[in-house]
Amino acid sequence: MPFQGVYAECGLFVCLEGGEGAGKSTQARLLARRLEAEGHEVLLTREPGDTLVGARVRELLLDPATGAMADRTEALLYAADKAEHVERVVLPALERGAVVVTDRYVDSTLAYQGAGRTLDRDELAWVARWATGDLRPHLTVLLDLDPVRGMGRFEGRDRIESEGADFHLRVRQEFLRLAAADPQRYLVVDATAAPDAVGEQVWSRVAALLPERAR
Ligand code: Z5A
């Protein structure tokens, strides 16, 4: 069954995507602060792990102690986290008219489990769409950064960060491919710029969506 994409009728759903160290959490916080200062109700959230079930799934997925896991198991665990996240956190906030800012969403699955693990793109998209009821962000901000540079921004490696350079290059290319396929729903930002400069670009695009979506 093909999915068409569901866009919430109230609230505004914004997603930040990108590789490791691209600055997603930094930008999500900056955006949330600015939205709150403008008087909007904001829900700042992330995948995986922002529900009780999701927190346990996150531990399984990212703890190096988990060791090897079949690629399909990994994909299904991320999908389970998404199902819980959308139903319990994202949708209720959108229904209240809030602005939901999520640090990662479905594109991360297409990039990491699809391009990274080389699972079939269409099958994976189907699973992720099914898990989320095909709820799509009004805007996805892709913070684009060379993975070598991103990795250099922090210490310590989880299960996925420990993958090789080729894996992370494929992930970057898939994010860029997804953004290029739907420019109206994406903003691609060069994440080598200073955080405030990146934040300004994000803000000008999000602000343009606010009057129609979440006032
Ligand atoms: N994953 C998946 O495979 N499939 C899925 O469906 C989903 C996720 C949803 C989650 O990891 C992992 O799960 C992730 C993808 C996978 N794995 N990998 N690899 P996570 O939640 O632990 O972390 P992350 O999402 O990868 O984010 P991160 O690596 O922690 O980085 P970030 O949020 O993009 O960056 P940050 O924390 O804002 O900044 C990192 C550092 O850079 C920090 O010191 C900042 O001060 C600095 N920074 C930030 N912005 C800048 C700029 N502009 N210039 C210079 N320095 C900066």
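A disulfide is here a pair of cysteine sulfur atoms within 2.5 Å. By that criterion, the structure, which is a predicted model, holds zero disulfides. Its ligand sits in the largest pocket, and the protein buries 80% of the 1100 Å² that the ligand exposes when taken alone. The points below treat the cysteines, the ligand site and the surroundings of Met-151 in turn.

**Cysteines**

- A disulfide is a covalent bond between the sulfur atoms of two cysteines.
- The structure contains zero such pairs, and Cys-10 takes part in none, its nearest cysteine sulfur being that of Cys-15 at 19 Å.
- Seen from the other residue, the closest cysteine sulfur to that of Cys-15 belongs to Cys-10, and the 19 Å separation is too far for a bond.
- Cys-10 counts as partly exposed because its relative accessibility is 34%, a value in the range between the 20% limit for buried and the 50% limit for exposed.
- Cys-15 has a relative accessibility of 1% and therefore counts as buried, the cut-off being under 20%.

**Ligand site: contacts**

- The ligand has 27 residues around it, of which Glu-20, Lys-24, Ser-25, Thr-26 and Thr-109 come nearest.
- In Glu-20, a polar side-chain atom lies 2.3 Å from a nitrogen atom of the ligand.
- Gly-23 contributes through its backbone, where a polar atom is 3.0 Å from an oxygen atom of the ligand.
- Lys-82 contributes through its side chain, where an N or O atom is 2.9 Å from an oxygen atom of the ligand.
- Of the 1100 Å² exposed by the ligand taken alone, 80% is buried by the protein.

**Ligand site: pocket and surrounding elements**

- The pocket that holds the ligand is the largest one.
- Two or more residues of the shell around the ligand come from each of α1 (24-37), α2 (52-62), α3 (71-95) and α4 (106-116).
- With four residues, α4 gives the most to this shell.

**Met-151**

- Met-151 is placed in helix α6, which covers residues 147-151.
- The relative accessibility of Met-151 is 12%, so the residue counts as buried, given the cut-off of under 20%.
- Met-151 and Glu-161 are ten residues apart along the chain, and their C-alpha atoms are separated by 8.1 Å.

Note on methods: Residues are numbered from 1 along each chain as its sequence is written. This is a predicted model: local features need pLDDT of at least 70, side-chain atom pairs count only at pLDDT 80 or more; totals for chains, interfaces and linings use all residues. Side-chain values use heavy atoms; hydrogens and water are left out. Buried means under 20% relative accessible area, exposed over 50%, partly exposed in between (1.4 Å probe, protein chains only). A residue is near a molecule or strand if one of its heavy atoms lies within 4 Å of it. A polar contact is a pair of N or O atoms within 3.5 Å; within protein, one must be able to donate a hydrogen and the other to accept it, and residues adjacent in sequence count only if both atoms are side-chain atoms. Accessible areas come from the Shrake-Rupley method with a 1.4 Å probe; for residues, only the protein chains shown count as cover. On a 1 Å grid over the protein atoms alone, a cavity is a set of points where a 1.4 Å probe fits but cannot get out, and a pocket is an open set with protein on both sides within 12 Å along at least five of seven lines; lining residues have an atom within 4 Å of a point. A molecule sits in a cavity or pocket if more than half of its atoms lie within 2 Å of its grid points.
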